[in-house]
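Please look through the sequence and the model below before reading on, since the paragraphs that follow refer to both.

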Amino acid sequence: MLSPERLALPDYEYLAQRHVLTYVEDAVCQLLENKEDVSQYGIARFFTEYFNSVCQGTHILFREFSFIQATPHNRASFLRAFWRCFRTVGKNGDLLTMREYHCLLQLLCPDFPLELTQKAARIVLMDDAMDCLMSFSDFLFAFQIQFYYSEFLESVAAIYQDLLSGKNPNTVIVPTSSSGQHRQRPSVGEAGTLEGVEASLLYQCLEDLCDRHKHSCPPPALVKEVLSNVQRLTFYGFLMALSKHHGINQALGALPDKGDLMHDPAMDEELEQLLVQIPGLVTSGTASPEASCLPPRTPPRVGSPWRPLHHARKVDAESDGSTEETDESET
């Protein structure tokens, strides 16, 4: 049965909104690049496997950054994959630096830009040095906001700077390109020393911004809720409030609630079953990821270029991450 959203939109608008052409083009490119391997399975099976992986969210694993940020679904899938692979890194209160989190991101996306990781860390650290330690949950929820809404936040940064300089918000011109040619954000020092801007004035500017960004910004009602709780706030104070907002996390739908962040019974069961099948990985009578002592990582070579490749590496990455994971205590 078709959804009300599907019935309300013409075919071309619905396909554009779901970025179907992006996936078709990517599938064809992979088909052409790996046609010898595909010939062993057949084109029909290749497309079936490819779009199954898109639906399951595994299609973004080990892909280039330009692809994982290409669509909202890709971004949400990458956030979910990062959480599931490394969710137990902080289970016992382990804290990591920004560069260590960046290394984890690069395990899933080798060319993931350091700048984006730095921006996410600034949301957590505010005035603190960038080599300070962060809990997994603090970094993850800040990273979610920065990664998923990156273009929106660049525009907010431009508006914020205009308000600081006393410009009329009704005449602000906001950049919308995702190419990185945006005005520079306020520096960490600037965000800490200034008292910020009036929250009501900032929201007046963001109303129009949310309307223009539509599918790439937090729900306007929730943005209004965040800004209605304070009289003044800084740029990074606003980002921190977004990252901690329960409703925004639910609306995005990529991560569980903070209280459930370290629990994923389905993944634990899947890992347990997979570890049992791999000779030499489990040295005791139990296949629990926490109880297992895994050998040095040696990624297997798999000929198939689509989902089987992603699946094999996904298991490897998740198993690798589980050796360092402990119970996080939140402050």
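What follows is a walk through several helices and the way they pack.

The model is a predicted one, and a convenient place to begin is helix α11, which covers residues 150-164 and spans 21 Å from its first C-alpha to its last, close to the 21 Å expected for its 15 residues at 1.5 Å a residue. Of these 15 residues 13 are buried, so α11 is largely enclosed by the rest of the structure. After the helix comes Gly-166, which has a positive phi, near 85°.

Two packed helices are described by the angle between their axes and the distance between the axes. For helix α10 (residues 136-148) and helix α15 (residues 235-244), the axes come within 8 Å and cross at roughly 105°; because angles of 65 to 115 degrees count as roughly perpendicular, α10 is placed in that class relative to α15. On the α10 side the contact is made by Asp-138, Phe-141, Ala-142, Ile-145 and Gln-146, while α15 contributes Leu-239, Leu-242, Ser-243 and Lys-244. The residues of this contact divide into five nonpolar, two polar and two charged.

Helix α15 also packs with helix α14 (residues 220-228), here at an angle of about 125° and with the axes 10 Å apart, and the two helices are therefore oblique to each other. The crossing of α14 past α15 is right-handed. Val-223, Val-226 and Leu-227 of α14 meet Phe-238, Ala-241 and Leu-242 of α15, a contact whose residues divide into six nonpolar, no polar and no charged.

Definitions and conventions: Residues numbered from 1 in each chain as written. Predicted model: local features only at pLDDT ≥ 70, side-chain atom pairs only at ≥ 80, totals over all residues. Heavy atoms only, no water. Helix = DSSP H or I, 4+ residues; strand = E, 2+ residues; numbered from the N terminus. Expected span 1.5 Å × (residues − 1). Buried < 20%, exposed > 50% of the residue type's maximum accessible area, 1.4 Å probe, protein only. Axes fitted to C-alpha atoms, helices over the stretch in contact; angles between N-to-C directions. Parallel < 35°, antiparallel > 145°, perpendicular 65-115°, else oblique. Contact = heavy atoms within 4.5 Å. Nonpolar A, V, L, I, M, F, W, Y, C, P; charged D, E, K, R; others polar. Left-handed = near helix turned anticlockwise from the far one by under 90°.
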